[in-house]
Amino acid sequence: MTQEPGSTAIGERDREPERRRGPAADGRPVRPGPPPEVWPGSPQPLGARYRNGPGGVPGTNFALWAGGAERVELCLFDDTGRETRHGLTELTHEIWHGFLPGVHPGQRYGYRVHGRWDPWSGARWNPAKLLLDPYARAVDGEFTLPPEVYGHVRDWPHQHLADTVRDERDSAAFVPKGVVVHDGAPAGPPGSPPDDDWRDDRRPKTPWADTVLYELHVRGFTMRHPEVPEHLRGTYAGLAHPAAVGHLERLGVTAVELLPVHQFAHEDHLLRRGLRNYWGYNSIGYFAPHAAYAASGTRGQQVGEFKRMVRALHAAGIEVILDVVYNHTAEAGELGPMLSLRGIDNRGYYRLAGDPRRYADYTGCGNTLHVVQPQVLRLITDSLRYWVQEMGVDGFRFDLAAALARSMHDVDMLSPFLAVIAQDPVLRRVKLIAEPWDVGNGGYQVGAFPPLWTEWNDRYRDAARDFWRGALPDVRDLGYRLSGSSDLYAWGGRRPYASVNFITAHDGFTLRDLVSYHQKRNLANGEDNRDGTDDNRSWNCGAEGETDDPDVTALRRRQLRNLITTLLLSTGVPMLVAGDEMGRTQGGNNNAYCQDNETSWVDWTLLDDPGWRSLYELTARLIRLRRAHPVLRRRAFFSGRPHGPDGLRDLAWFTPRGTEMAESDWYAPGSTLAMYLSGNDIPSRDERGRPVTDASFLAVLHASFEPLTFPLPGRPWATSYELLVDTAHETQARPPGTVRPAGTAVPVSPRSIHLYRALP
């Protein structure tokens, strides 16, 4: 056995096995790099940057932070996979760097980092493993996760010590490589402008109060779209196609929230079952667009294709928000692969447990990035600024954001991460959305993030679902959710748009499945239906799954209209999920994270069905109504008081009897709530300082299975009412005589919503 400095010999620790050596993974010779060709270069910026070096000589500067490393080798790969190694001998502030003349865009590369192997202290350096540059702007190839890509011997017979045995088989043939990218090079058709030329781009800069979010998956949105050319389906170019953008424009959404597009890897347990990670919450490259979503190529072309997608969406007035996963990486726990950060400096990048062999796991994914560390904080903020300034995106939704807000252990709203974001001149000006929880102790933080942040409001989701399935004991919680969740967000200068209101998201049932299934159907995931939540708060309307029963089908479609109408009439920021507006189903799978197939892809043939087409048209109509009326997208919380001396209260509530709600009515069992929004009492002014006024509206939400006769409120609220929406009907064509005098007792069908415009 050969012992390196810092490694542990047999007998030095109880049952410590020796390290295993093996042949190179691909058998190809390794060519030593010519020593004179590595110039000192610069430690800034990190990553691989193509530029002119000393004397105007073109080349690439490479810089890698590797705090505790003893030696770093830069590895270049030609088109045949042959590797050439160059030692980086310059070390400045823990950054290893060098300039290589003649290295041009398209060059593939990786790193080998030397140092101690001592898992008991958290040291896991292994130069046999080729590592991805954390700052790589493009990635070529896929992670396949054979045994060679693990830093330890995965099949060691004593599994309780397997993570302590260093595997010295070469991983280079089995891992993707970073790609040098020329930031200013055209990647489009001949004559197209450079991809970093944003002069023709106009960011929509939609105010939060006017925003309608649309969560979609880049691949799944166009994989089945008949008007998108087949070779573009499932790609950035496919999402930029006029057929895809046109749907978003006609629907009226103002922003797409893209499921993760950072380079990610598929988990070993999925690959062994013949599955893949579809959602992408397993990031490994925070600067690189996921290469599999590119139609144009993976040697840097994906960067230009992503930028052109952003431009196309901006041209349609649609912002681009990325769902980002900075809380953990694809390297998983101590038994996970060695792909990048673990081999660069395990202790510097990850939160380690009391036993440094283990990881502190606040994410449920095996590891947690140590955001308190300066180099980790820099990695994240550099990545965020890159996507804003060079890739053109308009904001971010942070997965498990509570994990990022932890200081040493506890969630801390004065944590370094939140403090840095608050003072950053670039990041504090973009849209910031928190998923305000993680899986650790004290991780549930809904309503606790500081004023710059907007949050996914799962309490809105639960209240809306429970109301329409008849599970709310009273209407108190519904009242808060409809009016902007002031109980959660009316502090510290926060506004109603701090609440992202949603009923469905990528995880959980689709909207159609929410009214079709009581039990999840996740067997296709290969985990014996154990995965996915059992707390669905769903109601199948009398039959489990798909059915030909016309009464059940009619009720389900009515419930869908109720849920969408509730969402788009609520104060806050509504979020729809791609396909919900036309009845997309996943067959009851509420955790389709590994279903990269028709289970998850949007089915565009649904629009050929008149019933689903009418749901889409209702959704678009409600979005247009919301856009036209500022009273439906308020910038300030309701006060329940008149805004002026001659005004009405800005918000009023009514019982099923048509009388104003008394305190005791909020605590009484009930399934009906009427909400009056006064357009004359909006505490906002336009750009010229003039008071904003609008029409007034009355919404009657009736979740009971019994019909209701509702007396329309009289003066001072209105003299008559114009019926705009009745969700009891599939088509919303306005029949004659829809203006009713105040005081009229109008029939409201079971489980339906009436929306009226109040006429003075």
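Contact, for this talk, means heavy atoms within 4.5 Å. Keep that in mind for the helices. The model is a predicted one.

I'll start with the sheet. There are 6 strands in an open sheet, and the order runs β23-β24-β25-β30-β27-β28, with antiparallel pairing. At the edges sit β23, residues 651-654, and β28, residues 739-741, each of which pairs on one side only. On average, neighbouring strands here are turned by 25° against each other, direction ignored. As a general reminder, strands of a sheet pair through backbone hydrogen bonds, either parallel or antiparallel.

Take one pair from this sheet. Strand β24 covers residues 672-677 and β25 covers residues 696-702; they are antiparallel, joined over 6 bridges. To find the pairing on screen, go to Ala674, whose bridge partner in β25 is Val700.

Now the helices. Which strands does α10 lie across? Helix α10, residues 458-468, lies across β24, β25 and β30, the last being residues 752-759. Its direction is at about 60° to β25. Helix α14, residues 550-569, also lies across β24, β25 and β30, and runs at about 40° to β30.

These two helices also meet each other. The axes of α10 and α14 come within 11 Å and cross at roughly 145°, and the crossing is right-handed. From α10, the residues in contact are Tyr460, Ala464 and Trp468. On the α14 side they are Gln559, Asn562, Leu563, Thr566 and Leu567. How many of the residues in this contact are nonpolar, polar or charged? The split is 5 nonpolar, 3 polar and no charged.

Notes:
Residues are numbered from 1 along each chain as its sequence is written. This is a predicted model: local features need pLDDT of at least 70, side-chain atom pairs count only at pLDDT 80 or more; totals for chains, interfaces and linings use all residues. Side-chain values use heavy atoms; hydrogens and water are left out. Two strands pair if DSSP finds at least two bridges between them. Helices (H or I, at least four residues) and strands (E, at least two) are DSSP runs, numbered from the N terminus. Axes are lines fitted to C-alpha atoms, for helices over the stretch in contact, and angles run from 0 to 180 degrees between N-to-C directions. A crossing is left-handed if the near helix is turned anticlockwise from the far one by less than a right angle, and right-handed if clockwise. Ala, Val, Leu, Ile, Met, Phe, Trp, Tyr, Cys and Pro count as nonpolar, Asp, Glu, Lys and Arg as charged, and the others, Gly among them, as polar.
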